[in-house]
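User: Hi! I am new to reading protein structures and would like to go through one with you, question by question. Could you help me?

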Amino acid sequence: MKKLLANLLRQLGMLRFDFLVTKQDSFPQTPESDEEVILVESGAIQKWACFSCPGGCGERISLSLNPDRRPRWRIETDFWQRPSLHPSVHQQNECGCHFWVKKGQVYWCKDGQPETHIGKAK
């Protein structure tokens with residue numbers, strides 16, 4: 001219900017986001033939608049954040065949220081389930097995208113290729 005309302009508010013220009021979080025207890029077997037960050041958690045333990053690269057390369061990004069691993073990221077969600085990821089995401093493959101996700105929106109870093117890729121930044 002909250003996602004439906006969030007999408008309605010986005011269509012009305014009252015809420016901005018590129019991603020919303022969907023929680024599940026196992027690693028996703030199928031690709032997530034382009035507008036979804038899958039938060040894999042077991043109980044209160046956050047394990048993975050999985051989503052498609054916003055640069056349009058189609059790469060599936062899986063970020064470890066395990067505090068005992070390196071590298072690791074932190075994810076926070078707001079009332080609307082918009083994710084904020086810390087630190088930034090820098091693809092080390094051909095894509096080379098470098099971006100932040102804050103309150104569900106993609107913010108491209110300098111030379112993070114927002115204009116050369118099919119980005120979601122709006």
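User: In which segment is Asp111 found?

Analyst: Happy to help, and a word on the model comes before the answer. This is a predicted model, in which local features need pLDDT of at least 70 and side-chain atom pairs count only at pLDDT 80 or more, while totals for chains, interfaces and linings use all residues. Residues are numbered from 1 along each chain as its sequence is written, and side-chain values use heavy atoms, with hydrogens and water left out. Strands (E, at least two residues) and helices (H or I, at least four) are DSSP runs numbered from the N terminus, and Asp111 is found in the segment after β8.

User: What is the phi of Asp111, and is the residue buried or exposed?

Analyst: Most residues other than glycine have a negative phi. Asp111 is not a glycine, yet its phi is positive, at about 60 degrees. Buried means under 20% relative accessible area, exposed means over 50%, and partly exposed lies in between (1.4 Å probe, protein chains only). With a relative accessible area of 66%, Asp111 is exposed.

User: Where does Lys103 lie, and what is its phi?

Analyst: Lys103 lies in the loop between β7 (98-102) and β8 (105-108). Although Lys103 is not a glycine, its phi is positive, at about 45 degrees.

User: Which residues does a cis peptide bond join, with omega about -10 degrees?

Analyst: Most peptide bonds are trans. The proline of this cis bond, Pro71, is found in the loop between β4 (60-64) and β5 (74-77). The bond joins Arg70 and Pro71.

User: In which strand does Pro87 lie, and what is the omega of the peptide bond from His86 to Pro87?

Analyst: Pro87 lies in strand β6, which covers residues 83-90. The peptide bond from His86 to Pro87 is cis, with omega near 0 degrees.

User: What is the order of the strands in the open sheet of four strands?

Analyst: Strands of a sheet pair through backbone hydrogen bonds, either parallel or antiparallel. Two strands count as paired if DSSP finds at least two bridges between them. Here the pairing is antiparallel, and the order is β5-β6-β7-β8.

User: Which strands stand at the edges?

Analyst: Each edge strand has a single partner strand, so one side of each is left without a neighbour in the sheet. Those strands are β5 and β8.

User: Over how many bridges do β6 and β7 pair, and which residue in β7 stands opposite His90?

Analyst: β6 and β7 pair in the antiparallel sense, over three bridges. The residue in β7 opposite His90 is His98.

User: How many disulfides are there?

Analyst: A disulfide is a covalent bond between the sulfur atoms of two cysteines. The rule used here asks for a pair of cysteine sulfur atoms within 2.5 Å. By this rule the count is zero.

User: Why is there no bond between Cys53 and Cys95?

Analyst: Cys53 is buried, with a relative accessible area of 6%. The closest cysteine sulfur to that of Cys53 is in Cys95, but it is too far for a bond because the distance is 3.7 Å.

User: How many salt bridges are there?

Analyst: Side chains of opposite charge can pair when their charged atoms come close. For a salt bridge, a side-chain nitrogen of Lys or Arg must be within 4 Å of a carboxyl oxygen of Asp or Glu. By this rule the count is three.

User: How far apart in sequence are the parts that the pair of Glu36 and Lys3 ties together?

Analyst: The side chains of Glu36 and Lys3 meet in a salt bridge of 3.9 Å, N to O. Glu36 lies in strand β2 (residues 36-42) and Lys3 in helix α1 (residues 2-11), so the parts tied together are 33 residues apart.

User: What is the distance between the closest N and O atoms of Asp78 and Arg82?

Analyst: Arg82 is buried, with a relative accessible area of 13%. Asp78 forms a salt bridge with Arg82, and their closest N and O atoms are 2.6 Å apart.

User: Which side chain of opposite charge is nearest to Glu41?

Analyst: Glu41 is found in strand β2. Glu41 is buried yet has no salt bridge. Lys and Arg count as positive and Asp and Glu as negative, with His and the chain ends not counted. The nearest side chain of opposite charge, 4.0 Å away, is Lys23.
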